[in-house]
Amino acid sequence: MALRTNVAGIASPEALADALRAAMYLADDGIATAGYLSLALGKPLLLEGAPGVGKTEAAKALAGILGRQLIRLQCFEGIDAAAALYEWNYPRQMLAIRQAREGESIDIYRDDFLIERPMLAALRRPDSTVLLIDEIDRSDHEFEAFLLEFLSDFSISIPERGTLRAAERPVVVLTSNRTRELHEALRRRCVYHYIAYPEPEREAQIIMMRSSAVAEGTARAVVHAVGLLRQEPLAKPPGVAEAVDWAEAATALAGTGAPWPEAFRRAIGTAIKDEEDLAFLRPRLHLIIPGAAA
């Protein structure tokens, strides 16, 4: 396997980090290094971490800086090859057969009748796409086993058409929320990185980068508050995206004249989005928000 030392001008982890920053994604050294190695080695990038830490956003930013179309395959329980690869348009095939004149030969397995799904699209256009296989941990073991074959040599077999192989190794990003363990064979095929919640200083920078209307003091107050919330036994602790939303919402309410503690409290629905979590926190919310507002 040839080493690709320069992909779209990305010649080092530092160059990738700079490009991602320009695309409004603040990457630390770990994710920048993993992303660069994935591009250089032609291997899929596997990103694990809690929901809301920026795994999907990393794939979107990567597609943006490479100037490629992001093709997203959202995994779910029961997903199969038809949803991921391709399927035949049977109604159109039957219609073509009915409309064919007697004795006329009809190829019902040509491209006209092929419904392209995300993985097939990435194989056909590896130089202009980034394939995101999102939340692979939500799929079952059968789909994961099927995925192993795809990631081994980036080819698929269509019984009616033969084997289709990518002209070059496509850029593939997989994400997992760690709701279950992934097979070791899948991990071996990838460059791996675990994305943790960012350090407070970096999270404040992310908030200010994503929303120019949020003041530094507000960003730091929100970071302090979400840090406290993440220590609570919540079903859905706030991620980075929720932190950005909370800072923007509190800023908007403060602009209407609401005092800061009240603005934080009234905007809590942008950070906590589960009724049981809200009910659990409500008696002690005043302990979290005044400290953050201060």
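**View 1. Helix H3, end to end.** The expected span of a helix is 1.5 Å times one less than its number of residues. For the 12 residues of H3, that works out to 16 Å, and the C-alpha atoms at the two ends sit 17 Å apart, so expectation and model agree. Keep in mind that this is a predicted model. Just past the helix, look for Gly67, whose phi is positive at about 70 degrees.

**View 2. What H3 hides, and what hides it.** Here we look at the buried side of the story: Lys55, Thr56, Ala58, Ala59, Ala61, Leu62, Ala63 and Leu66 of H3 are buried. Who does the covering? Helices H1 (13-22) and H2 (29-41) take part, and so do strands S1 (45-48), S2 (69-74), S5 (129-134) and S8 (171-176).

**View 3. The one cavity.** The model has one cavity of 30 Å³ or more, and its volume comes to about 70 Å³. Around this cavity you'll find Leu16, Leu20, Ile31, Gly35, Leu45, Leu47, Ala58, Ala59, Leu62 and Val173. H1, H2, S1 and H3 each put at least two residues into the lining, with H3 giving the most, three residues. Ala58, Ala59 and Leu62 turn up again here in the lining, having already appeared among the buried residues of H3. As for chemistry, nine of the lining residues are nonpolar, one is polar and none is charged.

**View 4. The largest pocket.** Now for the open space: the largest pocket holds about 710 Å³. Its lining runs to 35 residues, and those closest to the pocket centre are Pro51, Gly52, Val53, Gly54 and Ala241. Helices H3 (55-66), H9 (200-210) and H11 (240-255) are the elements that each give two or more residues to this lining. The chemistry is a mix, with 18 nonpolar, six polar and 11 charged residues.

**View 5. Two domains and the pocket they share.** Step back a little and the chain divides into domain 1 (13-86 + 115-195) and domain 2 (200-288). Taken over C-alpha atoms, the domain centres are 31 Å apart. Where the domains touch, 10 residues of domain 1 are in contact with eight of domain 2. Which domains supply the lining of the largest pocket? Domain 1 and domain 2 each contribute at least three residues to it.

Key: Residues are numbered from 1 along each chain as its sequence is written. This is a predicted model: local features need pLDDT of at least 70, side-chain atom pairs count only at pLDDT 80 or more; totals for chains, interfaces and linings use all residues. Side-chain values use heavy atoms; hydrogens and water are left out. On a 1 Å grid over the protein atoms alone, a cavity is a set of points where a 1.4 Å probe fits but cannot get out, and a pocket is an open set with protein on both sides within 12 Å along at least five of seven lines; lining residues have an atom within 4 Å of a point. Grid points are joined across faces, edges and corners, and a volume is the space filled by probe spheres set on the points. Helices (H or I, at least four residues) and strands (E, at least two) are DSSP runs, numbered from the N terminus. Ala, Val, Leu, Ile, Met, Phe, Trp, Tyr, Cys and Pro count as nonpolar, Asp, Glu, Lys and Arg as charged, and the others, Gly among them, as polar. Domain bounds come from an automatic or database domain assignment. Buried means under 20% relative accessible area, exposed over 50%, partly exposed in between (1.4 Å probe, protein chains only). Contact means heavy atoms within 4.5 Å.
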